[in-house]
Amino acid sequence: MLADLQPAHRAMVHFALQQALERTSANITQQLQCLLPFVSLKKLMSDLDGETVLHHISLYKHMPWSHQQAQMLFKMTQRTINITRVSLLDLGRIAGGMSCDWLKLWVNDSGFSELLQFITKLPGGLRPGLRKCIVVELRKRPDIDLNDLDPSFAAGLPLTMMEHLSNSSLISVLDHVRQHFIDFLQLPRHKQTALVEKAIDALGISENGLTGASMDTLGPFLPFMDRDVLVHMDREALKLRMEELKQYCLPSDTFRQIAALLTERSMLGDPKTWTVGNVEHVGRLLFTLSTQQIRSLPLGDLGKDTIEQVLMSQWLWKNSELGKACSDLKGLREKMNGLTHRIVKGRWWMRRGPIPSCADIKGTFPSAWRSYQLNRMKKRELKMCVEFIGQDDTLDAEQREALWMELRPVYKPVRQLKPEQVLELGCIVTEMGERDLQAANLSSLAVVAHLGDLNGWNAKKMRAVVLGIMKRLKQKPEELGVVELVSFGHLLCGFSSSEMSRLDPFNLSVAALFLGEMVLPCSEQQTEALTSRLSNPLGFGPVSSWGSEVFTEIGTLAAGLEDMVLSALIKEQVEGLTPAAITLIPPRKLAVVFSATQLSWLSSEQACAVTEEQWAELDSEQRQALGMAQYEGELMLEHR
């Protein structure tokens with residue numbers, strides 16, 4: 001349950017449970033069992049040591065430690081006893097925290113193969129840095145049978161190493177990724193394609209004319225096939241399997257191919273001629289068509305109900321477990337606007353378009369409507385719909401402002417706003433005036449968490465909110481606790497750099513576990529002030545002493561480290577950077593701070609996180625190093 005909450009709410013529940021447990025039991029073990037995944041490294045460092053870990057090892061070995069927790073506990077244990085290949089087995093899941101240097105000690109040992117079997121079978125998988133280390137060592141030992149490795153590990157092997165897997169091993173790998181399909185979605189695109197090609201060979205499927213039975217066997221792997229193979233699908237069999245296809249994750253590079261299939265004469269033909277039945281049949285697959293094709297649909301004949309049904313099917317899919325893990329359809333918002341434009345625009349003689357009712361808004365989506373349509377809504381309709389509208393975080397500033405101008409008289413006086421009213425306004429709150437934001441009582445922790453989760457703030461309004469909240473709380477920045485820091489979320493950027501440099505370093509280091517999941521809209525000066533608090537002796541200490549586990553713990557906050565600090569990172573530290581943190585490093589900064597050697601240390605997942613803009617700033621040597629990291633030292637495919 002905790003994992004499904006936003007960071008601020010998770011921190012609140014976590015600390016409330018922790019306090020309740022501390023009142024009823026002095027047993028740290030009992031607390032850990034309940035709250036384990038959300039115990040920060042800072043708390044582990046202060047509550048545990050190697051002797052305690054070893055004393056409770058019969059319990060700790062089975063606990064679902066995160067990668068960074070396992071690393072810290074392994075280090076604690078290593079400082080207490082000499083860990084051997086045999087004693088490692090007693091550490092259970094903590095063994096996944098081993099360093100690459102420790103693993104290398106046993107490369108030439110006769111039991112190295114058994115050691116690898118044990119490590120690759122650990123529940124929860126291995127962190128990318130350790131997996132890369134194992135791959136490097138496996139290349140030095142061609143005598144080790146790769147078929148002995150666990151299917152969860154074998155699924156991520158470099159392409160040339162996958163060639164050495166037997167058919168039965170490949171089928172085990174495919175069974176594993178079918179059961180853990182979200183793991184498959186997290187693989188780099190070239191590995192997804194390679195695995196599906198292997199599936200075709202291992203399952204004896206002919207590429208020249210995919211039959212219905214072959215499609216059923218491939219299941220969710222079907223859209224990940226090479227585009228040249230997709231062309232040979234049996235069209236009649238595909239028509240019968242449209243319901244299944246609608247439930248699959250579609251990689252963006254196959255949209256054009258799927259759209260071409262759907263619009264063939266033997267399938268549904270030109271979108272201009274599609275009927276209500278055709279549109280209902282394709283459902284959310286409609287969004288694989290281009291915006292131009294969607295606008296060519298006979299929208300007047302389709303009717304509002306059909307369009308609402310398609311939008312609802314996409315919304316339900318996007319909110320499913322698989323939908324959340326699947327990357328967004330390219331240009332989806334523009335395509336959705338293309339589908340609703342006839343409803344929103346109204347008849348040709350309606351110069352300013354129709355005035356929407358609450359039912360119209362709910363049947364489409366709020367941001368589909370122009371600001372001048374939203375501010376002409378009847379007050380009764382708008383009040384009925386305000387909570388639904390406030391949940392649409394794609395509303396632009398002009399739309400939010402138009403809504404607030406209409407709603408302000410309803411919520412007067414603003415200084416008496418109740419917490420539940422602020423919550424129902426949702427993202428519309430971001431367009432309140434600075435004076436209103438300071439006057440309103442926004443100091444309830446639930447309200448702070450809600451406001452801190454919103455993305456539409458500008459710098460002046462964030463400042464106004466922070467000043468108002470701190471005045472009500474009668475607190476100074478250095479007095480904020482862990483839950484308050486996490487609740488501020490994006491609003492932390494409403495503090496000045498000098499105020500940030502006064503935040504409590506211990507509390508900030510505990511809050512980093514939660515804040516590191518967010519993308520804070522701070523200036524470079526602010527992020528540097530924030531990360532400098534983490535390197536305080538009461539935080540994690542100087543960056544030069546951080547292990548990779550600290551970089552993983554602080555997540556996106558690592559992108560705010562100073563240039564000099566990032567350029568001095570050693571291999572183990574670079575391995576701890578999360579892909580999200582790498583994406584957030586400004587393009588020019590990335591090119592300046594990371595040498596080609598440092599880029600070569602990246603895992604495949606980290607290298608694939610580098611954006612087009614970042615890539616454009618790199619020189620040829622850096623690009624080559626990045627490409628080698630992306631494809632794990634193998635012959636590079638065409639990049640970008």
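Lys-589 touches a set of residues from elsewhere in the chain. Setting aside neighbours within four places in sequence, Lys-589 is in contact with Glu-524, Ala-559, Gly-560, Leu-561, Asp-563 and Leu-566. The residue itself sits in helix H42, which covers residues 587–593. Its relative accessible area is 7%, so Lys-589 is buried. The model is a predicted one, and every value here is computed from it.

Other lysines are placed in other ways. Lys-140 belongs to helix H10. Its relative accessibility is 54%, and Lys-140 therefore counts as exposed. Val-107 is 33 residues away from Lys-140 in sequence, yet their C-alpha atoms are 9.0 Å apart in space. Lys-474 is not in a helix but in a loop, the one between helix H33 (459–473) and helix H34 (482–488). Its phi is positive, about 55 degrees, although Lys-474 is not a glycine. With a relative accessible area of 72%, Lys-474 is exposed.

A further loop holds a backbone feature of another kind. Pro-413 lies between helix H29 (397–407) and helix H30 (419–425). The peptide bond leading from Lys-412 into Pro-413 is cis. Its omega is near -10 degrees.

Now turn to the salt bridges. The whole structure contains 25 of them. One joins Glu-572 and Lys-75, whose closest N and O atoms are 3.5 Å apart. Glu-572 is part of helix H40 (residues 571–576) and Lys-75 is part of helix H6 (residues 67–80), so this pair ties together parts that are 497 residues apart in sequence. How exposed are the two partners? Glu-572 has 30% relative accessibility and so counts as partly exposed. Lys-75, at 26%, also counts as partly exposed. The pair does not stand alone: Lys-75, Glu-549 and Glu-572 are linked in a network of salt bridges.

A second salt bridge brings together the side chains of Lys-304 and Asp-360, with 2.8 Å from N to O. Lys-304 comes from helix H23 (residues 299–318) and Asp-360 from helix H26 (residues 358–363), so the bridge ties together parts 56 residues apart in sequence. Lys-304 is partly exposed, because its relative accessibility is 39%. Asp-360 counts as buried, because its value is 15%.

A third salt bridge involves the side chains of Arg-380 and Glu-381. The distance from N to O is 3.9 Å. Arg-380 has 56% relative accessibility, so Arg-380 counts as exposed. Glu-381 has a relative accessible area of 15%, so Glu-381 is buried.

The next topic is helix packing. Two packed helices are described by the angle between their axes and by the distance between those axes. Take helix H9 (residues 112–120) and helix H10 (residues 128–140). Their axes come within 13 Å and cross at roughly 155 degrees. H9 and H10 are therefore roughly antiparallel to each other. The crossing of H9 past H10 is left-handed. On the H9 side, the contact is made by Phe-112, Leu-116 and Ile-119. On the H10 side, Leu-130, Ile-134, Glu-137 and Leu-138 take part. By type, the residues of this contact divide into 6 nonpolar, no polar and 1 charged.

A second pair of helices makes another such contact. Helix H13 (residues 167–179) packs against helix H15 (residues 189–202) at an angle of about 125 degrees, and their axes are 10 Å apart. What does that angle make H13 relative to H15? It makes H13 oblique to H15. The crossing of H13 past H15 is left-handed. H13 brings Asn-167, Leu-170, Ile-171, Val-173, Leu-174 and Val-177 to the contact. H15 brings Leu-195, Lys-198, Ala-199 and Ala-202. These contact residues divide into 8 nonpolar, 1 polar and 1 charged.

Note on methods
Residues are numbered from 1 along each chain as its sequence is written. This is a predicted model: local features need pLDDT of at least 70, side-chain atom pairs count only at pLDDT 80 or more; totals for chains, interfaces and linings use all residues. Side-chain values use heavy atoms; hydrogens and water are left out. Axes are lines fitted to C-alpha atoms, for helices over the stretch in contact, and angles run from 0 to 180 degrees between N-to-C directions. Helices (H or I, at least four residues) and strands (E, at least two) are DSSP runs, numbered from the N terminus. Angles under 35 degrees count as roughly parallel, over 145 as roughly antiparallel, 65 to 115 as roughly perpendicular and the rest as oblique. A crossing is left-handed if the near helix is turned anticlockwise from the far one by less than a right angle, and right-handed if clockwise. Contact means heavy atoms within 4.5 Å. Ala, Val, Leu, Ile, Met, Phe, Trp, Tyr, Cys and Pro count as nonpolar, Asp, Glu, Lys and Arg as charged, and the others, Gly among them, as polar. A salt bridge is a side-chain nitrogen of Lys or Arg within 4 Å of a carboxyl oxygen of Asp or Glu. Buried means under 20% relative accessible area, exposed over 50%, partly exposed in between (1.4 Å probe, protein chains only).
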